[in-house]
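Trainee: Hey, can we go through this one together? I'd like to start with the strands and then look at the cysteines.

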Amino acid sequence: MQKLLTLLGVVGFLALVIWQLTDHRQVDCNVCMEFKGQTHCALGSAPTREEAIRSGQTPACSMLASGVTESFQCSATPPISVTCEGGD
């Protein structure tokens, strides 16, 4: 009986994970950043447009900035272009 309950718990958990991963209400944004004369674009995905933009800014800035201070400066810079798809 305990094995059956454990198995049902694992199956339920896996079903929840799969459902979360296939939830298509995500917003995908291609975010292009310019910092110190260089440009880099990255894709960000999140439930809202604002979060998706931030999610794209972070990896784009990591390719452009060197060190923590520059990373903060780059992240505070508005993107030069944002293209988003998806959502409600």
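Mentor: Sure. One term before we start: two strands pair if DSSP finds at least two bridges between them. Also keep in mind that this is a predicted model.

Trainee: Okay, how many bridges join β1 to β3?

Mentor: Six, and β1 (residues 27–35) runs antiparallel to β3. One of the partnerships puts C32 opposite S81 of β3.

Trainee: And what order do the strands of the sheet have?

Mentor: β2-β1-β3, in an open sheet of three strands with antiparallel pairing. β2 (38–46) and β3 (81–86) each have a single partner strand, so one side of each has no neighbour in the sheet. From one strand to the next, the twist averages 15°.

Trainee: Which strands does helix α2 touch?

Mentor: β1, β2 and β3: α2 (residues 49–64) packs on the sheet, and its direction makes about 145° with that of β2.

Trainee: Switching to cysteines. How many disulfides are there?

Mentor: Three. C29 pairs with C84, C32 with C41, and C61 with C74.

Trainee: What does the C29 and C84 pair tie together?

Mentor: C29 is in strand β1 and C84 in strand β3, so the link ties parts that are 55 residues apart in sequence.

Trainee: Is C29 buried or exposed?

Mentor: Buried, at 0% relative accessible area, whereas C84 is partly exposed at 25%.

Trainee: What about the handedness of the C61 and C74 link?

Mentor: The torsion about its S-S bond is about -80°, so that disulfide is left-handed. C61 lies in helix α2 and C74 in helix α3 (residues 68–75).

Terms used
Residues are numbered from 1 along each chain as its sequence is written. This is a predicted model: local features need pLDDT of at least 70, side-chain atom pairs count only at pLDDT 80 or more; totals for chains, interfaces and linings use all residues. Side-chain values use heavy atoms; hydrogens and water are left out. Helices (H or I, at least four residues) and strands (E, at least two) are DSSP runs, numbered from the N terminus. Axes are lines fitted to C-alpha atoms, for helices over the stretch in contact, and angles run from 0 to 180 degrees between N-to-C directions. Contact means heavy atoms within 4.5 Å. A disulfide is a pair of cysteine sulfur atoms within 2.5 Å. Buried means under 20% relative accessible area, exposed over 50%, partly exposed in between (1.4 Å probe, protein chains only).
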